[in-house]
Amino acid sequence: MQNGMHTDTERCVRAVQSKDARFDGWFFTAVLTTRIYCRPSCPVVPPKPENMTFYPSAAACQQAGFRACKRCRPDTSPGSPEWNQRADLVARAMRLIADGTVDREGVPGLASRLGYSTRQIERQLLAELGAGPLALARAQRAQTARLLIETTALPMAEIAFAAGFSSIRTFNDTVREVFALTPSELRNRRPRTTVLTPGTLTLRLPFRAPLNPDNLFGHLAATAVPGVEEWLAGAYRRTLRLPYGHGIVSLTPRSDHIACRLTLSDLRDLPVAISRCRRMLDLDADPVAVDDQLRTDPVLAPLVDKAPGRRVPRTVDEAEFAVRAVLGQQVSTAAARTHAARLVTTHGEPVDDPEGGLTHLFPSPESLAALAPESLAMPQTRRTTFTTLITQLADGTLHLGVESDWTKTRAQLLALPGFGPWTVDVIAMRALGDPDAFLPTDLGIRRAAQELGLPSTPAALTARAAAWRPWRAYAVQYLWATDTHPINFLPV
């Protein structure tokens with residue numbers, strides 16, 4: 001799908017008239033006669049084409065004076081896949097805004113993280129999304145406020161500040177402007193059957209169908225680090241390290257959404273927690289576009305048809321994943337979990353989990369950097385790799401985050417001792433979110449290639465996989481699913 005779909009009027013009109021949910025989040029329909037904006041799949045009778053205009057973001061609709069539809073709730077659409085599949089300035093800025101950077105650090109903080117001037121960022125966001133960083137952050141605050149209003153019994157004053165508003169007046173004005181309802185009216189509209197649990201938020205995370213939960217949750221459960229993650233009663237649960245505190249999330253796959261239960265020590269972390277969970281589960285992906293591309297290969301087509309909608313399981317903490325990738329070098333998956341669990345028990349921050357067996361946050365790079373190297377029970381070469389990584393993460397020499405430039409970060413990782421192509425690519429795929437990351441040296445991939453009649457040498461397989469671009473990370477998920485042998489040792 002091409003960037004700037006909202007400019008293709010004919011295509012947008014067809015999507016709205018067919019109520020095609022695949023395009024929710026790609027663009028928004030603003031109705032000139034009612035001054036309301038909707039998602040493409042809105043269930044109401046579509047307006048006449050001459051009364052439609054299209055915008056690339058909810059923030060742009062709001063800036064143009066349109067209010068959110070009360071039927072389709074466009075503010076709860078899945079996010080645009082653009083920000084997952086691209087690594088340019090706009091995509092990196094959007095990932096940071098979703099992660100709450102503007103609310104915590106302002107536009108200057110956003111610019112500093114990206115290495116551009118505030119004027120450059122504002123100009124590019126306005127050109128592509130019709131709204132600057134402040135307007136985009138304001139739209140996110142409005143959505144957070146609505147969630148808190150509808151899913152908690154908190155007083156409105158607490159909701160205002162938890163959602164990131166600087167004053168109660170701004171909170172009231174924004175909610176009324178965006179939703180055409182006061183905060184109290186929004187709360188009164190929620191179903192009477194809503195059950196509110198003090199300290200816990202229950203919400204739905206939407207996604208574009210299809211989604212294959214076995215692939216996604218199976219991988220997370222199989223690699224779960226005891227104390228930090230667990231699979232309990234059909235839900236994946238884990239602890240979260242967040243800007244203002246910590247949290248525990250429980251994620252359960254449903255037919256048309258992911259049921260999410262969040263317990264947060266500070267409610268200001270709500271938008272960040274949601275953003276990171278969506279990113280971990282790859283919920284903003286466009287599975288139709290991915291699968292259509294992979295189906296063009298006759299070898300992959302049967303795999304896609306058998307179980308479409310595979311996602312790339314990612315992470316809620318990029319630094320944590322990099323540390324775990326190093327712990328997993330040249331050992332079994334079970335051994336890697338054991339090594340990680342020891343670090344967690346000894347150096348992680350304790351948390352209280354009355355519902356299950358979660359006990360700690362994964363240790364921060366700063367806490368791991370303070371360890372004596374001789375205390376690490378691993379071979380000397382891997383100890384050097386581990387200590388170099390955590391030192392650079394702790395002092396900021398290496399930064400892994402949603403704003404990372406994929407090419408630059410790959411080069412930095414490859415320069416570290418003990419980092420080979422496999423380690424770099426698995427971090428690029430699972431932590432950085434590069435949808436085209438590929439693992440031609442992975443043992444499971446090479447075995448799958450042999451069974452399917454694909455070239456099995458890394459160079460030949462890479463050449464063959466050129467036709468799968470830019471979705472090679474998703475091809476990896478389909479290939480891994482064909483391998484019935486346990487992977488005993490992971491490459492470097």
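Hi everyone, let's start in a loop: Arg-35 sits between strand 1, residues 28-31, and strand 2, residues 36-38. What I'm showing today is a predicted model, so please keep that in mind as we walk through it. Arg-35 is not a glycine, and yet its phi is positive, about 60 degrees. Is Arg-35 buried, exposed or partly exposed? With a relative accessibility of 32%, Arg-35 counts as partly exposed.

There is another residue of this kind further along the chain. Asp-282 also has a positive phi without being a glycine, and here the value is near 55 degrees. You'll find Asp-282 in the loop that joins helix 12 to helix 13, which covers residues 287-295. Its relative accessibility is 0%, so Asp-282 counts as buried.

Now, on to helix 20, which I'd like to spend some time on. How many of the 12 residues of helix 20 are buried? The count is 11 of the 12, so this helix is largely enclosed by the rest of the structure. If you want to find them on the screen, the buried residues include Trp-422, Asp-425, Met-429, Arg-430 and Leu-432. And what covers them? The cover includes helix 11 at 213-222, helix 12 at 270-280, helix 15, helix 19 at 406-414 and helix 23 at 472-480. Right after helix 20 comes Gly-433, with a positive phi near 85 degrees.

Let's take one of those covering helices, helix 15, and look at how it packs. Helix 15 runs over residues 318-327 and helix 20 over residues 421-432; their axes come within 10 Å and cross at roughly 150 degrees. Angles over 145 degrees count as roughly antiparallel, and that makes helix 15 roughly antiparallel to helix 20. The crossing of the two is right-handed. Which residues of helix 15 meet helix 20? They are Glu-318, Phe-321, Ala-322 and Ala-325, and on the helix 20 side they meet Thr-423, Val-426, Ile-427, Arg-430 and Ala-431. Sorted by class, that contact has six nonpolar residues, one polar and two charged. If the spacing of those residues caught your eye, here is some background: an α-helix has 3.6 residues a turn, so residues three or four places apart point the same way.

For a second helix pair, let's go to helix 7, residues 133-151, and helix 12. Their axes also come within 10 Å, and here the crossing is at roughly 100 degrees. Helix 7 and helix 12 are therefore roughly perpendicular to each other. From helix 7, Gln-140, Thr-144, Leu-147 and Leu-148 meet Leu-270, Pro-271 and Ile-274 of helix 12. The classes here are five nonpolar, two polar and no charged.

Two of those helix 7 residues, Thr-144 and Leu-148, come back in my next stop, Ala-163. Where is Ala-163? It is in the loop between helix 8, residues 156-162, and helix 9, residues 168-179. Ala-163 has 2% relative accessibility, so it counts as buried. Leaving aside residues up to four places away in sequence, Ala-163 touches Asp-103, Arg-141, Thr-144, Ala-145 and Leu-148. One distance to add: Ala-163 and Arg-138 are 25 residues apart along the chain, and their C-alpha atoms are separated by 9.8 Å.

Next, the aromatic rings. Searching the whole structure turns up seven aromatic pairs. One of them is Phe-165 with Phe-171, an edge-to-face pair with 5.7 Å centre to centre and 65 degrees between the planes. Phe-165 and Phe-171 are both buried. Another pair is Trp-471 with Tyr-474: the ring centres are 5.9 Å apart and the planes are at 80 degrees, so this pair is edge-to-face. Trp-471 and Tyr-474 are both buried too.

Finally, let's look at two prolines. The peptide bond from Arg-469 to Pro-470 is cis, with omega near 10 degrees. Pro-470 is in the loop between helix 22, residues 458-464, and helix 23. The bond from Ala-209 to Pro-210 is cis as well, with omega near 0 degrees. Pro-210 is in the loop that links strand 5, residues 200-205, to helix 11. Thanks for listening, and I'm happy to go back to any of these spots.

Technical notes. Residues numbered from 1 in each chain as written. Predicted model: local features only at pLDDT ≥ 70, side-chain atom pairs only at ≥ 80, totals over all residues. Heavy atoms only, no water. Axes fitted to C-alpha atoms, helices over the stretch in contact; angles between N-to-C directions. Helix = DSSP H or I, 4+ residues; strand = E, 2+ residues; numbered from the N terminus. Parallel < 35°, antiparallel > 145°, perpendicular 65-115°, else oblique. Left-handed = near helix turned anticlockwise from the far one by under 90°. Contact = heavy atoms within 4.5 Å. Nonpolar A, V, L, I, M, F, W, Y, C, P; charged D, E, K, R; others polar. Phe/Tyr/Trp six-rings, centres within 6.5 Å; stacked < 30°, edge-to-face > 60°. Buried < 20%, exposed > 50% of the residue type's maximum accessible area, 1.4 Å probe, protein only.
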